[in-house]
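Q: I have this chain open and would like a close look at one part of it, with its surroundings.

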Amino acid sequence: MVSATAGATRVQDAPAGTDGYVLRTATAQDVGGARAVMLDTVYHDLRSGYVPRWHADIIDLEGAYLRPARCTLLVVVRGDEVVATGAVRDRGPQAPPNPQWVADRFPSGSTAQLCRIYVRPGHRRHGLARRLVGELGDFAARADGYTSLYLHTDPAVPGAEPFWRSLAQEVCDERELPGGGQGIVHFELPMPVPRGLTTSDIR
């Protein structure tokens, strides 16, 4: 469930699964735990380690996601621990390193990019990532001016590619490009109708 607070769309605390999981909009108090989930993921799952040009947002989560009105960071907590994260940023993929036609299709400003959707290994298979995607899509639909919902994923991460293929439409698989590109897959998700509205309410 979402509510508008001080001009920003926020997710109210709500059960996100079984066994005491709660999904909510991150606060400043959640930043440390969210950053830990993200850094552990880039080191252990993505195996890239921290790369400033790719991961600067992880260091400044407040500046990247908490303060901008059209961005958000969601967390799933269990007890006092942040166990999953997901975010919307207000810019599309850049070229380079992405193909120019992909950048042209998803321009910054009108593209809501889903990112940092990470779940700690011990908390996977509880539907947390799917619930995060739903809430992030709803946020983007309610925010002003977004017309596209975009993401990319690294298929080398176990389970990532089939998960996204179950939800989104492939736009470009860079493994099929000459030289293999970056080896990532670009996806587009349908922009949802905001909860509480019907298609007839959307003009």
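How many helices and strands are there in the protein chain? Please then look closely at strand β6: how many of its residues are buried, and how many bridges join β5 to β6?

A: This is a predicted model, in which local features need pLDDT of at least 70 and side-chain atom pairs count only at pLDDT 80 or more, while totals for chains, interfaces and linings use all residues. Residues are numbered from 1 along each chain as its sequence is written, and side-chain values use heavy atoms, with hydrogens and water left out.

The protein chain has 6 helices and 10 strands. Helices (H or I, at least four residues) and strands (E, at least two) are DSSP runs, numbered from the N terminus. Buried residues (under 20% relative accessible area; exposed is over 50%, partly exposed in between; 1.4 Å probe, protein chains only) make up 46% of the 203 residues.

Strand β6 covers residues 81-89, and 8 of these 9 residues are buried, so the strand is largely enclosed by the rest of the structure. On one side, 7 bridges join β6 to strand β5 (residues 72-78), and the two run antiparallel. Two strands pair if DSSP finds at least two bridges between them. β5 and β6 form a hairpin with 2 residues between them, and Gly79 in the turn has a positive phi of about 65°. Next to that turn, Arg78 has Glu81 of β6 as its bridge partner. Arg78 also lies over the face of Tyr21, at 5.3 Å from the ring centre. A charge sits over a ring if NZ of Lys or CZ of Arg is within 6 Å of the ring centre and within 35 degrees of the ring normal. Arg70 gives another case, with its charged end over the ring of Tyr146, 4.0 Å from the centre.

β6 is also joined to β7 by 5 bridges, again antiparallel. Here Thr85 stands opposite Tyr118 of β7. Both of these residues touch Met38, which belongs to helix α1 (residues 31-44). Apart from neighbours within four places in sequence, Met38 is in contact (heavy atoms within 4.5 Å) with Ile58, Leu61, Leu73, Thr85, Arg116 and Tyr118. Met38 counts as buried because its relative accessibility is 0%. The C-alpha atoms of Met38 and Gly86 are 9.6 Å apart, with their positions 48 residues apart along the chain. Across the whole chain, residues 24 or more positions apart account for 61% of the contacts with a separation of 6 or more.

β7 (111-119) follows α4 (100-105), and Phe106 is in the loop between them. The structure has 2 aromatic pairs. In the pair formed by Phe106 and Tyr150, the ring centres are 4.9 Å apart and the planes are at 40°, so the pair is tilted. Rings of Phe, Tyr and Trp (its six-membered ring) pair if their centres lie within 6.5 Å; planes under 30 degrees apart count as stacked, over 60 as edge-to-face and the rest as tilted. Tyr150 is in strand β8 (residues 148-153), 44 residues from Phe106. Both Phe106 and Tyr150 are buried.

As for confidence, the mean pLDDT (the predictor's confidence in each residue, from 0 to 100) is 88, and 88% of the residues reach 70 or more. The pLDDT is below 50 over residues 1-8 and stays under 50 over residues 198-203. Where pLDDT is low, the predicted coordinates should not be read in detail.
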